[in-house]
Amino acid sequence: HQTHKSAPLTNLRTMKILVAVKRVVDYAVKIRVKPDKTGVDTQNVKMSMNPFCEIALEEALRIKEAGFAKEVVAVSIGPPQCVDTLRTGLAMGADRGIHVEANSSFLPLTIAKILKSLADVENPGLIFLGKQAIDDDCNQTGQMVAALLGWPQATFASKVVVLDKDKQFATVDREVDGGLETLSVDLPAVITTDLRLNQPRYATLPNIMKAKSKPIKKMTLEDLKVDIKSDIEIVEVTEPKKRKSGVIVSSVDELIDKLKNEAHASLWNYYRFSGFGVDGGPAAKKLALKLNLANANLSSRLWVTLSNIEVRQASVTIVSLIAIGGVIFVIRKIFGAYLAVYFTIVSPILYDIYNNGPEDRYFSPFWIELFKISLQLQIFRSYKAKIMQSMRMDE
Amino acid sequence: MKKMKALFRSSSSSSLSFTIMHRFLLKLSSSTNPLRNSKNQLHLILPRFLSSTTASESPPPPRTSHPSNRFISRSGYPYSADSFRKSRPFSSNSRALGVRCISSEAGRESIEYDVLIIGAGPAGLSAAIRLKQLCQEKNADLSVCVVEKGAEVGGHVISGNVFEPLALDELLPHWRQEQAPIEVAASSDKFWFLTKNRAISLPSPFDNKGNYVISLSQLVRWLGGKAEELGIEIYPGFSASEVLYDASDKVVGIATKDMGISKDGSKKETFQPGVDIKGRVTLFAEGCRGSLSEKIIKKYKLREEVNAQHQTYALGIKEVWEIDESKHNPGEVVHTLGWPLDPKTYGGSFLYHMNDRQVALGLVVALNYKNPFLNPYEEFQKLKHHPAIKRILEGGTVLQYGARTLNEGGFQSIPYPVFPGGAIIGCSAGFLNVPKIKGTHTAMKSGMLAAEAAFGALHEGLNMNTYWDTLRGSWVWKELYSARNYRPAFEYGLIPGLAVSAMEHYVLKGKVPFTLKHGKADHEATDLARKWKPIEYPKPDGVLSFDVPTSLYRSNTNHDHDQPSHLRLKDPKIPEKVNLPEYGAPESRYCPARVYEYVEDEEGKPKLQINAQNCLHCKACDIKDPKQNIEWTVPEGGGGPAYSVM
């Protein structure tokens, strides 16, 4: 906490708090990307106040109710319907609203510039914002406003202990990795709010009625002289890739059965295409089960306790062997190296050959598979010469 | 009192047993002597009804018990509803008109209006708009308030819908110039009989010329805007959880539900008590099986009043799809009968082509089905795999999912819609025309007529009962009367039903001198599980058919999880003692949101788990539960689905 006191101090008795509230698609609504991929469809969709903004407003109201501020002003920037969002804010208890009319949606920097010019007009002692909006999840505006104004900022507030009446600063707890960080900021300042800061109040019916007569000032971008030119352009908005739905297994037996029957088919693709992660990646996780089984089985048969096979090492070994095999294949030294690695290490584990005897239904498929691949190998060999020839001709 | 009741009963039972005749008799009786005189005498016997004044002057009702206990209607209510009906008109000079006052008593706030309307749907908003229009015409000022449990106006509105603009033409004649979301004229009527693999075209019994394919949710949003322009106060996000009565048992308004009560019943940090909203006239427009309307119908014995039968219901499950441009034919209307439902189960599907490559697809299943293993949701999934339907849907995506029950009782089931202090309008009373499968126009009209009666009562010293009289003189009545025998005919199965319907439609046109009666009430119709074999439904493929959680996600339904369940069991033991062993747990199947699930408890015994957050507010459980043990009450305001294109 720095204690420079050069700027004229904010009088807490008459302090104004500015709260930015954003109108977003309601959190419970399933969103849909527009067919032309320019954004999310907001036509005929339930809209409400961004939950983080609700928390910001609630905190501002509590500060006012505790006697540390005189007025809470809610601001919203956007189309005419933002007035509804402001009315909700007024019904919660804000004293007045400012609606900055804008028909296109802006990126954080533009919003920050607008808020800066508003702050220049309104002279608030505190600006509260939600840490991010649930529509674009940018988490930038608060920081940008603070930077543009040259004010201190406290982001992700999980507790705001108000303001010392004499020294005029606020202490803010923020949730950081591994604990809480307590900041102390001089006023005026920008605070962005996290989810656990408070539980926003309901707008009651009598308050909604009273809110109808509270003033909402309309402003335009021209009034605020803000340059809305943006250096960022949204190229495309698409839906995330569809994930295969998971399956809930009812017993360990079913899990093992699924692992035997369904998992190994895709296992091969897993370690070719997925990273190792800290634990060896998803492939290794699946492999671990089988490796352990194989290990236990071998140990019991050999009367020797094998040292535990580290999954990560095993999968690294496998993948690097594949890579080496691939290199060998490319430089045409030993063609079969690649497949040999597959046969000798991977296949027996995949087919649980160490756990299965000839009577088991997984036993014969393994040998059939082996036979099939060796057959394909033969065919491939006979064509190899021809392919290589044609490749040379292309050169 | 007893004497009068006896007179009333004997006159009805001795003369004619058919409902319609009885109604004519009532009409006669209301305008001529003997019965009416006896009612006037009644006022002398019960002078306190004469002296009871308007809501604003009467003392507040005693609020002794906790709100959650007050939903139980008082039994043994001694007076016939008839005794209230002809009570004195509302005095219009008791206080300044159009002035709303907010008062606070014992921590609870109370707000007063001239007219209070519960439910911002087609009926409620039509009533509100009509009231304000009358105010403008007659230079009066009445305050009108509409409360709506949905988070937004239109958010809980779901319907087919092929819209007949008759009532809207009367209400807002210039709607065509006012950007109403009524754009796609119905262009063709197709009627298919489905077998497992084929669709056989039948001559269409529907005539949708001049009608429009719309989303009712969007039309209601538009109506809401019109209402607000007229100065009507609409408050979405507030659910009416109980009826307020005055000392003379007249309805004086409603109380909104307390907000911020946790699952265990304790008050949360955000607790906000509900508010009493009072109306000199209260109109209930809650839609099919309204939770408060049902209480009022019971309390004032409104069905018995006019010898109406019980209401019968159907469950409609609907999806809106966005399909390939090449398969989309705006205005095309398709109805089907037959597969996947068995011939003993009444129901059918609809497929309407709307704007913007959207089609509405739905399945309606009458809730008097017998087989407890029937699963309407799964039947709907099956329907989408029928070759004739699959062809249209393939390559498309689902935009929204929803479900709602609808009234099928029609003419035979209309209760007396007026009670002391207000009236019941729209589907809460039940004006759906079954053979047309349309109820929006009749609901709107009933709202308008009730509004006119309310205006008369408040402004001109007339009586709310004029609503009943004008209703019977209106086209709503004619329509429902001539349609009265279609649905009950299907009680005998699909083929006899079709035969009677065809006769009615092409030859008799409702002129037969008899009225068929409805069969058993829906909850009594369910057979014991041992009479039936469980039905094996195919697994959803994730392309045309989906599991319930996926569908629920598309309904946007949501409730604050930390609140007491709004689905109450009158006896918490019945599910495990009766429903599961005897009926095979039908609630786990008819609920289109899988709210009811039997899970194992700590001892491995099956136990009913109620996932109230999933609820789509369709009310099927309130209707179909074999022992009528489940009561649907309103959750915290704002909870429930968020429909926008339904």
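The exercises below, each with a worked solution, concern a predicted model of two chains, A and B.

**Exercise 1. The interface of chain B and chain A**

Task: Work out how many residues of each chain are in contact, how much area is buried between the chains, and which residues of chain B lose the most area to chain A.

Solution. Begin with the count of residues, which shows 30 residues of chain B in contact with 20 residues of chain A. Turn next to the area, bearing in mind that the size of an interface is often given as the accessible area lost when the parts come together. Chain B and chain A bury about 2,300 Å² between them, and 63% of this lies on carbon and sulfur atoms. On the side of chain B, the residues that lose the most area to chain A are B:Tyr235, B:Phe238 and B:Thr270, which together account for 21% of what that side buries.

**Exercise 2. Polar and charged pairs across the interface**

Task: Find how many salt bridges and how many polar residue pairs cross the interface, and then describe the side of chain B that touches chain A by element and by class.

Solution. Side chains of opposite charge can pair when their charged atoms come close. Applied to the interface of chain B and chain A, with a limit of 4 Å between nitrogen and carboxyl oxygen, the rule finds two salt bridges. A:Arg32 forms a salt bridge with B:Glu322, and the closest N and O atoms of this pair are 2.6 Å apart. Seven residue pairs, with both residues at pLDDT 80 or more, are found in polar contact across the interface of chain B and chain A.

The elements of chain B that give two or more residues to this side are strand 2 (108–118), strand 9 (233–236), strand 12 (259–261), strand 13 (267–272) and helix 19 (548–555). Strand 13 of chain B gives the most, with four residues. Sorted by class, the side of chain B that touches chain A has twelve nonpolar, eight polar and ten charged residues.

**Exercise 3. An open sheet in chain B**

Task: State the order of the three strands in the open sheet 4-8-5 of chain B by saying which strands stand at the edges, and examine the pairing of strand 4 with strand 8.

Solution. The three strands follow the order 4-8-5, and their pairing is antiparallel. Strand 4 (162–163) and strand 5 (184–185) of chain B stand at the edges, and each has a single partner strand, so one side of each is left without a neighbour in the sheet. Strand 4 pairs with strand 8 (residues 212–213) of chain B in the antiparallel sense over two bridges, and B:Val162 stands opposite B:Val213 in strand 8.

Just before this sheet there is a detail of the backbone to record: a cis peptide bond, with omega about 5°, joins B:Gly160 and B:Asn161. B:Asn161 has its place in the loop between strand 3 (144–148) and strand 4 of chain B.

**Exercise 4. Strand 7 and a distant pair in chain A**

Task: Establish in which sense strand 7 of chain A runs relative to strand 10 and to strand 8, and locate the partners of the salt bridge of A:Arg201.

Solution. Strand 7 (residues 153–161) and strand 10 of chain A run parallel and are joined by three bridges, with A:Thr193 in strand 10 as the bridge partner of A:Ala157. Strand 7 and strand 8 (residues 169–176) of chain A pair in the antiparallel sense over four bridges, and here A:Thr171 in strand 8 is the bridge partner of A:Val161.

A:Arg201 forms a salt bridge with A:Glu58, their closest N and O atoms being 2.9 Å apart. This pair links distant parts of the chain, 143 residues apart, since A:Arg201 lies in the loop between strand 10 (189–193) and helix 5 (205–211) of chain A, while A:Glu58 lies in helix 1 (residues 51–65) of chain A.

**Exercise 5. The annotated spans of chain B**

Task: Describe the helix and strand content of residues 313–406 and residues 542–644 of chain B.

Solution. An unreviewed UniProt entry lists residues 313–406 as "domain: ETF-QO/FixC ubiquinone-binding"; this span is 16% helix and 46% strand, and its end C-alpha atoms lie 6 Å apart. For residues 542–644, the UniProt annotation, also from an unreviewed entry, is "domain: ETF-QO/FixX C-terminal"; here the chain is 26% helix and 16% strand, with end C-alpha atoms 23 Å apart.

Definitions and conventions
Residues are numbered from 1 along each chain as its sequence is written. Chains are lettered from A and ligands numbered from 1 in the order in which they are written. This is a predicted model: local features need pLDDT of at least 70, side-chain atom pairs count only at pLDDT 80 or more; totals for chains, interfaces and linings use all residues. Side-chain values use heavy atoms; hydrogens and water are left out. UniProt positions are given in the numbering used here, feature names are shortened, and annotations may be inferred rather than shown by experiment. Two strands pair if DSSP finds at least two bridges between them. Contact means heavy atoms within 4.5 Å. Buried area is the accessible area (1.4 Å probe) that two parts lose on being put together, summed over both. A salt bridge is a side-chain nitrogen of Lys or Arg within 4 Å of a carboxyl oxygen of Asp or Glu. A polar contact is a pair of N or O atoms within 3.5 Å; within protein, one must be able to donate a hydrogen and the other to accept it, and residues adjacent in sequence count only if both atoms are side-chain atoms. Ala, Val, Leu, Ile, Met, Phe, Trp, Tyr, Cys and Pro count as nonpolar, Asp, Glu, Lys and Arg as charged, and the others, Gly among them, as polar.
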